[in-house]
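Let's walk through this protein together, beginning with the place where its ligand sits. Have a look at the structure first, then read on.

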Amino acid sequence: MKTKPMTSLPERGRPWAELRAELEALHAGEGDWRGGRLPAFVFHLDEATDHAVREAYAMYFSENGLGMRVFPGLARLESEVIAMGLALFNAPAGAAGSFTSGGTESLFLAVKTARDWFRAERGGTGRLNAVLPYSAHPAFDKAAHYLDLEIRRVPLAAGFRADVAAMEGAIDASTCLIAGSAPGYTHGCFDSFEELGALAQRHGVWMHVDACFGGLTAPFARDLGEPITKFDFTVPGATSLSADLHKYGYAAKGASLFLLREERLKSHQRFSSSNWPHGTYATDTFSGSRPAGAIAAAWAALNSLGAAGYREAVRRVLDEKRRLVAGIEAIPGLTVVRPSESTILLYTSAQPAPDIEAIAQSLSRRGWVVGRTKEPRGIHIALNGVHVGIAERYLADLAAAIREAGETPASQRAEARYN
Ligand SMILES: Cc1ncc(COP(=O)(O)O)c(C=O)c1O
C-alpha cells in the first residue's frame, strides 16, 4: 500500500483497522534489526524479555511519573529500579538516584548538578568549564551548550584512553567537572577511573562516570572473569554515575539512571519554582511529565532477567564477539581495536589496502547497515543480543567484501556519522 504523506490533521478520524494496515506497511520498511544487520540503535535480547517489557509498559501506559504523589505503586517501582542500580554500582549508604529518559538526560543532569554544586559549594563564578577526554559522548557538549559551560576535550593517550596528565593540564579555577566513559562508544575502551577520581579529588572538582553504554554489561562481564577496569562508586572521587537501562538493560526506550554518591547533592540537581499561579513545581529531572510505562518496563526487564539473565546475555554477546574478532583478525590487513574490553566491535584496515571504505560499501551492498567511525577510520558495531548468531554470515560477507574491495575502488567516501 502506497499512501501520500499527510500534511494536516484529518477532519475525521479513521478506524484503527485502516490505521493499523498503514502502520504495518510503514513498519515493514524499517531497518531489519532482527537479522542483526544494524550497527546500533536497537538493543534486543529475546521475545520473552520483550513480552514482559511490553506488557509492563502497556499496564502503565496512562500514568505519569510527574505525579508520584498519586501513583504510589509507580513510585515504588521507580525507587526499586534506582535501588537496584545503586547496589549494582556499589554505591555507599546515603547515595541517591533518578530515573531519566536516557543517556542524554542523565549526562545533562551530571553537567547541571556539577555546575550548581561548584557554584554553591566551591564558590565558582563566571563561565565554568568541563574537562573531558576526546572520546566522551557528544551529549556532554549538548548539555554544556544549553547550560552555557565551555567543554575542553583533551586528546587521548595511547590505546584510546583518557590522557589524565593532559586533562590535569586543562583544569583551571573555573573547571567544575571532569568525566570518563565506561566504555566510550567509539573505541569501546574504559578510561582509567582511579586516576580520574584522584585527579578530581586533587582539584576539588566533580567526577562523572559515564557508564551509559557499559553499565548493564560491565558488572556481569566482570563476574564472568573479564578484566574490567574499576569504574563504579568503589572509585574514590566518583561523584555521579549514569547507566542506561534502554541499552543493555533491554528495557523500553526512555530509561536511564543518574546516580549520586550522596543524597544531599540532589539539592543541586533539583529545580523548583513557585513563581506562577499554581504554587510549587519541583522536579529532579529535565522532563516534566514522564512516561510511567518506561519505568514499569525497566522494572520488568530487571526483574525478568535478574543478575543471572544479564550475565548469560553478556556471555552470549562476548562469545559472538570472540567469533567475529577471530574471523576479522585472520584477514590480512584488518585490525580489531582493543578486542577484549567491551561489547563494541571496531576494526580498521592497514591503509591503503584493503580500503576500509570499499569494504564498507561492499558490505552495504550485501545488506549490512555499516557504522563508520572517523578516528580511526573504521567499521563499528555496538554488539548486543540482536547480533548473537551473525558471525558466520557476517564473516562470509566480509570475505566477499574484501575480494570485491581489491577489484572495485570505493566510490565517494561516505561521511562517518552516528545517526
Ligand atoms: C557512552 C555513552 N554516553 C551517552 C550516550 C547517550 O545515550 P542516549 O542516546 O540514550 O541519550 C551514549 C549513547 O550511545 C553512550 O554510548
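The shell around the ligand is made of six nonpolar, five polar and three charged residues; here Ala, Val, Leu, Ile, Met, Phe, Trp, Tyr, Cys and Pro count as nonpolar, Asp, Glu, Lys and Arg as charged, and the others, Gly among them, as polar. Keep in mind that this is a predicted model, in which local features need pLDDT of at least 70, side-chain atom pairs count only at pLDDT 80 or more, and totals for chains, interfaces and linings use all residues. Residues are numbered from 1 along each chain as its sequence is written, and side-chain values use heavy atoms, with hydrogens and water left out.

Which residues come nearest to the ligand? Of the 14 around it (each with a heavy atom within 4 Å), they are Thr104, Asp210, His246, Lys247 and Tyr418. Helix H4, residues 103-121, gives the largest share of the shell, three residues; helices are DSSP runs of H or I with at least four residues, strands are runs of E with at least two, and both are numbered from the N terminus.

Now look at the ligand's oxygen atoms. One lies 3.0 Å from an N or O atom in the side chain of Lys247, and an oxygen is also 3.0 Å from a polar backbone atom of Gly103.

Finally, step back to the whole protein. Its secondary structure comes to 12 helices and 13 strands. The C-alpha atoms fill a box of roughly 70 × 65 × 45 Å along the principal axes.

Definitions and conventions: A polar contact is a pair of N or O atoms within 3.5 Å; within protein, one must be able to donate a hydrogen and the other to accept it, and residues adjacent in sequence count only if both atoms are side-chain atoms.
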